[in-house]
Every structure is written in structure tokens, then in C-alpha cells.
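Reader: I am new to this structure and would be grateful for a close look at a single part of it. Please describe the open sheet and what lies against it.

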Amino acid sequence: MAVGAAQHLGRILLVVTGDTADALESRRGRGGDSTGLRIMTMTSTVAYAVDAGVRMPIPPGVVAVPGASLASDGEDLHVWFSGVSAEGHRRLHHAVSADSGATWSPPNTVVGLEPLAGQGLSPSVLRRRDGWLMWYVSHDNRGRRVFVARSVGGLVWQRLGAALDRGEPGSADADGVDCPAVVGTADGILVMACGAGSSRSVAAAVSRDGVTWRKLGPIHHRRLTGPDSRCIWYPVWLPNGPDTADLLYAGQDDRGRWSFLTTGRVDLAALATRPSPLPLATAVDTAITHIRSAVTADYLAEPDYHRPALVYRSPDGRVEQLRPSTSPVFAVRDGHGHPAGVVKLGRDRASAEREFSGLQTLARFYPVPAATLHYRQGRAALVMEHLDGVPLAGLAAADPNRFETVLGDIADHLATAAQNNLMPACDLDGPPDHTEETPAVLAAWAAELVARLRP
Ligand SMILES: Nc1ncnc2c1ncn2[C@@H]1O[C@H](COP(=O)(O)OP(=O)(O)OP(=O)(O)O)[C@@H](O)[C@H]1O
Ligand SMILES: [Mg+2]
């Protein structure tokens with residue numbers, strides 16, 4: 001299952017394969033077709049409604065089509081898709097339509113990307129000034145990676161090498177990166193969305209040339225319950241402005257059912273300025289394994305703030321719980337006793353992921369600790385760089401001027417962040433989640449404090 005999308009001569013077209021066709025069909029109450037490749041027109045961008053579509057010709061002997069990409073080039077519409085033969089061989093094919101997808105040229109097998117056995121080849125193709133760029137997936141025994149190739153005409157390709165590698169152990173994409181989807185902004189920044197194997201969510205990366213990429217970490221997470229609680233996969237960009245695109249994706253629920261979903265509009269320029277996630281140190285990965293197995297429930301319970309709370313310390317001194325805290329937070333040291341990071345388990349996976357997204361968004365307006373997410377066995381933890389500092393409460397008595405400067409600074413930064421980020425509650429999808437409003441609440445609180453502290 002995979003989807004590609006393109007804007008072509010004023011229409012929005014989708015290419016849909018396998019289970020995605022099933023998911024779209026079942027949404028309209030009809031039976032699906034698990035091997036077909038279809039070009040559908042989006043009839044409403046508000047409801048993401050699509051028509052029944054046109055079946056694409058697939059080469060004889062192809063029994064499954066696991067991936068496809070659609071691109072518009074002047075009057076022509078191009079499709080690239082991977083076909084699997086009964087013997088399990090995967091090849092990439094190319095076809096062109098001169099009538100907006102109604103009829104297609106017989107597909108040709110592309111040249112230059114003759115795959116080794118087992119390659120995924122989930123392609124994403126983008127038109128550049130001097131030809132085409134394609135990102136595709138290949139896997140070895142450790143998992144999948146994204147590679148890049150270049151072509152002048154779309155049929156003969158030249159490999160340019162690896163574009164996106166797997167992450168370090170414990171990271172969101174440690175088990176591999178899959179199903180890339182690349183979109184360009186008006187000033188030439190490329191943004192890749194892809195499936196991250198360990199978090200089973202959508203991660204992103206940014207590039208100028210399409211070959212060298214900077215990872216941004218996960219950008220869209222699974223919900224705890226609902227249609228995408230098990231997995232978020234097959235991202236597709238649908239550009240709708242010079243710097244914005246809707247992100248469409250396939251979500252899988254706990255019972256294995258797929259749905260076609262969207263995050264809505266993504267500000268690509270803002271996304272591209274997000275900081276790189278904190279590299280995940282081995283000491284932190286090891287410490288999280290220790291925390292998960294050795295720290296008992298007494299230390300993990302939400303404390304009664306009127307009494308001193310339990311503080312966990314590992315026998316080797318490398319893990320020490322930080323108090324006061326509502327959720328369990330631990331400082332981690334490396335073998336030399338130097339701070340290696342701070343691990344915050346949060347209340348559940350979603351709260352760790354939400355705090356990570358919040359930090360990455362806030363970084364445009366406010367200095368935040370470098371952070372990343374750690375995943376193992378479906379559980380997530382937020383990992384931050386360790387910040388040295390003095391408690392603000394202590395500063396109030398020792399250095400009132402600095403205390404006031406710090407508060408004023410916090411108020412200014414948070415007010416800027418709130419002005420730039422808050423959206424009216426009526427624009428929200430579903431019940432309001434106040435987590436993202438924390439900056440506004442804190443800004444008002446800090447401003448009030450500053451006002452009251454003035455003589
Ligand atoms: N990056 C960091 N570096 C150093 N110390 C930290 C860091 N993050 C948190 N701490 C310490 O851990 C304590 C608990 O952290 P925090 O307040 O973020 O967790 P929490 O109370 O569980 O969550 P929340 O306040 O979001 O409900 C803080 O008071 C602080 O002293
Ligand atoms: Mg706290």
C-alpha cells in the first residue's frame with residue numbers, strides 16, 4: 001500500500017495502490033482491490049473526498065504494486081511504481097499520461113536501478129530544474145534506508161547513493177526509514193516525510209540538494225486510541241501554497257484496519273527551521289533499559305507534594321531521579337561521571353511525544369534544551385540535554401535584580417511564542433487539548449508576576 005499525489009493542471013490527483021485502495025473503497029462502502037494501481041481525482045480538499053478513479057495498466061507478470069509516485073510536468077503526468085513478480089523480483093516502472101491520467105502509455109521498466117533481491121523501492125519523484133530526483137527504499141538485514149537517484153528523462157537513472165540512514169539504537173528510526181515523500185518549498189528547500197520504523201510514526205528531514213539531509217525526528221505521532229493507534233505510514237505531501245502542504249498518510253488501528261488520514265496543513269518553512277534532535281548517547285539508551293527494569297512503582301507514582309518524594313539512585317550512580325517532578329525524570333551520567341542527558345518518562349507515550357513536539361516548535365521563539373525521543377517496545381521517553389542552573393526560587397532571595405530580569409525575559413519570549421502559535425479553539429479538530437496552550441498560560445502568569453514584583 002502506498003499513495004502519491006500531484007497537482008496537475010488545476011486538479012489534485014492521487015495514485016493509490018494495494019490496501020490504500022481498499023481503505024478508500026471501504027470508506028465509501030464498496031469492496032476493494034488489493035493489487036490494483038489507480039489514479040483518483042480529489043473532488044473535495046475539505047473532506048478529502050476522491051472519485052472512483054481510473055485503473056492503471058500494470059506490466060504482465062506483476063502480481064503486486066507496493067509503491068508509487070505521481071508527478072506533474074507541464075501537460076504530462078508521470079507515474080513511477082514498483083512491481084513485484086510472482087518470483088518476488090521487484091522492478092520500477094514508468095508510464096506517462098498526456099490526458100491528466102485518463103489513459104496511459106504502456107509502462108516501461110526503468111534503467112539504472114536494477115534492484116537486488118528484496119529491495120523495497122517505494123519511490124518518491126520530484127521535478128527539478130535539470131531533470132528528476134527520486135528517493136527510494138532499499139533494505140539489508142538491519143532494516144530499510146532511503147537512497148537517491150537522478151534522471152534527465154525519467155526512464156534512465158543514475159544512483160547518487162544513500163540519502164537517509166537508520167538512527168542509533170533507541171531512536172525513532174533505529175529499525176529503519178521507509179516510504180519517503182519529498183516536497184519542495186518556493187525557495188528550494190526540500191522536506192522529506194518518511195515512516196520511522198521504531199516509533200511507527202512519520203519523521204521528517206530537510207535538504208537543499210536532495211542528497212545530504214538533516215533529520216528533524218518524528219513530526220506526527222500515533223494517537224493512543226483511534227484509527228492510527230498502531231501505525232502511521234505512507235506519508236504523502238499535497239502542496240497547497242509556496243511554503244505549505246497538507247500531509248496525507250495511512251493510519252492503522254489496533255485491529256489492523258487501515259484508514260486514509262491527514263494532519264492538515266503543515267508550514268514547511270517553519271518545519272525546516274526546527275532544531276536537529278539531540279544525538280542519542282549509548283549511556284542514555286543503557287540507562288533507559290535500566291530504568292524500565294530496575295525502578296519500582298514506588299518511584300514512578302505521582303507524588304504528594306506536601307511530603308518529600310522518593311528519589312531513585314542506581315547502584316552505579318549513573319541514574320539519579322530529579323525532584324520535584326510530577327512524572328518520573330532521571331539524570332543520566334556516562335562512565336566518566338559526566339552528565340549524558342535527562343530522561344523524562346512522562347505519563348504515557350503520547351505525553352513524551354507531545355512534549356518533544358512542543359519543544360521543537362518552541363525552539364523558534366525560545367531557547368529550549370536539545371531533545372529527542374527514545375523508543376523501545378512501543379514505549380517512548382523524552383531525552384533532553386542536561387541543563388546546569390540554579391533554581392529560580394533561590395535566585396529570588398540572593399539576586400532580586402537578576403530574578404526579575406529572568407522573569408521578564410521568560411514573559412517576553414513566551415508572549416512572542418503564544419502570539420505566533422495560538423489558534424482559536426473553534427479551528428481545532430476534536431476536543432481541545434490544552435497542552436499546546438501552555439506557553440500562553442505561562443506567559444500570562446509570568447507577566448502577572450513581573451507586574452506584581454514592580455515596586
Ligand atoms: N533538561 C534538564 N536539565 C536539568 N534538569 C532538568 C531538566 N529537565 C528537567 N529537569 C529537572 O527535573 C525536574 C522535573 O522536570 P519537569 O518539571 O520537566 O518534569 P515533570 O514535573 O514531571 O513534568 P511537568 O512539569 O511538565 O508536569 C525539574 O524541576 C528540573 O529540576
Ligand atoms: Mg514539573
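Author: Two strands are said to pair if DSSP finds at least two bridges between them. In this predicted model, β21 and strand β22, which spans residues 329-333, meet that condition with three bridges and pair in the antiparallel sense. Within this region, Gln321 stands opposite Phe330 of β22.

These strands belong to an open sheet of five strands, whose order is β21-β22-β23-β25-β24 and whose pairing is antiparallel. The edges are taken by β21 (319-321) and β24 (371-376); each has a single partner strand, so one side of each is left without a neighbour in the sheet. On average, neighbouring strands of the sheet are turned by 30° against each other, direction ignored.

A helix accompanies the sheet. Helix α5, formed by residues 349-362, lies across β23 (339-344), β24 and β25 (379-384), and runs at about 35° to β25.

For the wider setting, one may turn to the nonpolar interior. The largest nonpolar core has 29 residues, and Leu382 is one of those with the most contacts inside it, as are Trp135, Val146 and Met192. Strand β15 (residues 190-196) gives the most to this core, namely four residues. Domain 1 (2-272) and domain 2 (282-384) both contribute residues, so the core lies between them. Leaving aside residues up to four places away in sequence, Met192 touches several residues, among them Trp135, Val146, Leu164, Val182, Trp213 and Trp237. A second, separate core of 20 residues includes Ala181, Ile232, Ala245 and Val266.

Note on methods
Residues numbered from 1 in each chain as written. Chains lettered and ligands numbered in written order. Predicted model: local features only at pLDDT ≥ 70, side-chain atom pairs only at ≥ 80, totals over all residues. Heavy atoms only, no water. Core = buried A, V, L, I, M, F, W, Y, C linked by side-chain atoms within 4.5 Å. Buried < 20%, exposed > 50% of the residue type's maximum accessible area, 1.4 Å probe, protein only. Helix = DSSP H or I, 4+ residues; strand = E, 2+ residues; numbered from the N terminus. Domains from an automatic or database assignment. Contact = heavy atoms within 4.5 Å. Axes fitted to C-alpha atoms, helices over the stretch in contact; angles between N-to-C directions.
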